[in-house]
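Here is a short tour of one chain, from its overall build down to a single helix and what surrounds that helix. Have a look at the model first, then read on.

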Amino acid sequence: MTKSLTQRLITALERGQVHRVDAFLRQGASPSAANADGETPLYLAAVSGHTELVRLLLEAGAPPDAESRGEPGSSGLPLCAAACWDHFEAVRALLAHGADPDRREDDGTGCSPLMWAAAGGHHRTARPLLEADADPDARHRGRTPLMAAAERGSIAVVRALLCHGADPRLTDAWGRTAGDLARERCSKDIESELRERARAARDSRSARGARDSRCEVRRSPRSEGTELVEVTVSSPDGRGAAQWQGETGHALIATLLQDALRG
């Protein structure tokens, strides 16, 4: 009975059916038990950004830091999933219920929530994590969130990290600071780089898939006067899309970090 309820709960979660999820929890479905594939309810709610479901599960007793062990796309920590996809309201709900802002995925060997937010340029999500005392200098594979944000070109995230004490003097395995990474990319054509990445990924598919796939470029203005550049590759029917992103704030970031070093 419990296994059946758990699966029905997962199905209702995937469909965003709040009332059915609530009903299954009242009937005794576990808010934390994984289904046969290793997927936990809270992770699935967090990765989809369904804050109402996240709150419902947490209030029913789902542990905020339990790691989902499902297939790729349904494995990891709820807070990391929400941070990765910029679901900042879900991030706030998880933090309010005790989620650890510094807990890393893959049993402590993977990215922290802040690293996911910084690498994705998600300043709305980075801020509540930093306000919850997430370590602004926590490294993953030798890189700090400041380095990830500087390399991406995200001014808003860099500013948020600096305001919360991120150290611009730290270096990676090659001796480069976040400022060095930003300067290295000042002369790069971000759109061309993203197109090249997309082309390489497309060419790794079947010959027909590479030939028939569509590539779309979108540029969106940022409040700092820079742009978000997005390159999306999809099949002719619009399914199976993959996306690459970058921002054009590297020159401003290089100056900002140089000023931080002087100060």
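## Burial and surface

In this predicted model, 46% of the 263 residues of the chain count as buried. On the outside, the chain exposes about 13,100 Å², and carbon and sulfur atoms supply 46% of that area.

Charge is worth a glance too. The chain carries 35 positive and 38 negative side chains, and the centres of these two sets lie 4 Å apart.

## Overall build

If you trace the backbone, you will find 15 helices and five strands. The radius of gyration is 20 Å, close to the 18 Å that the globule rule gives for 263 residues, so the chain is as compact as a globular protein of that length. Taken along the principal axes, the box filled by the C-alpha atoms is roughly 60 × 50 × 30 Å.

The contacts tell their own story: among those in the chain with a separation of 6 or more, 60% come from residues 24 or more positions apart.

## A closer look at helix 9

Helix 9 spans residues 123-131. Which of its residues are buried? They are Thr125, Ala126, Pro128, Leu129 and Leu130. An α-helix has 3.6 residues a turn, so residues three or four places apart point the same way.

The cover over the buried residues of helix 9 includes four other helices: helix 5 (78-84), helix 6 (88-96), helix 8 (113-119) and helix 11 (155-163). Follow the chain just past helix 9 and you meet aspartate 133, which takes a positive phi of about 70 degrees.

Key
Residues numbered from 1 in each chain as written. Predicted model: local features only at pLDDT ≥ 70, side-chain atom pairs only at ≥ 80, totals over all residues. Heavy atoms only, no water. Helix = DSSP H or I, 4+ residues; strand = E, 2+ residues; numbered from the N terminus. Rg over C-alpha atoms; globule rule 2.2 N^0.38 Å. Buried < 20%, exposed > 50% of the residue type's maximum accessible area, 1.4 Å probe, protein only. Contact = heavy atoms within 4.5 Å. Areas by Shrake-Rupley, 256 points an atom, 1.4 Å probe, with all protein chains shown as cover. Lys, Arg positive; Asp, Glu negative; His and termini not counted. Charge placed at Lys NZ, Arg CZ, Asp CG, Glu CD.
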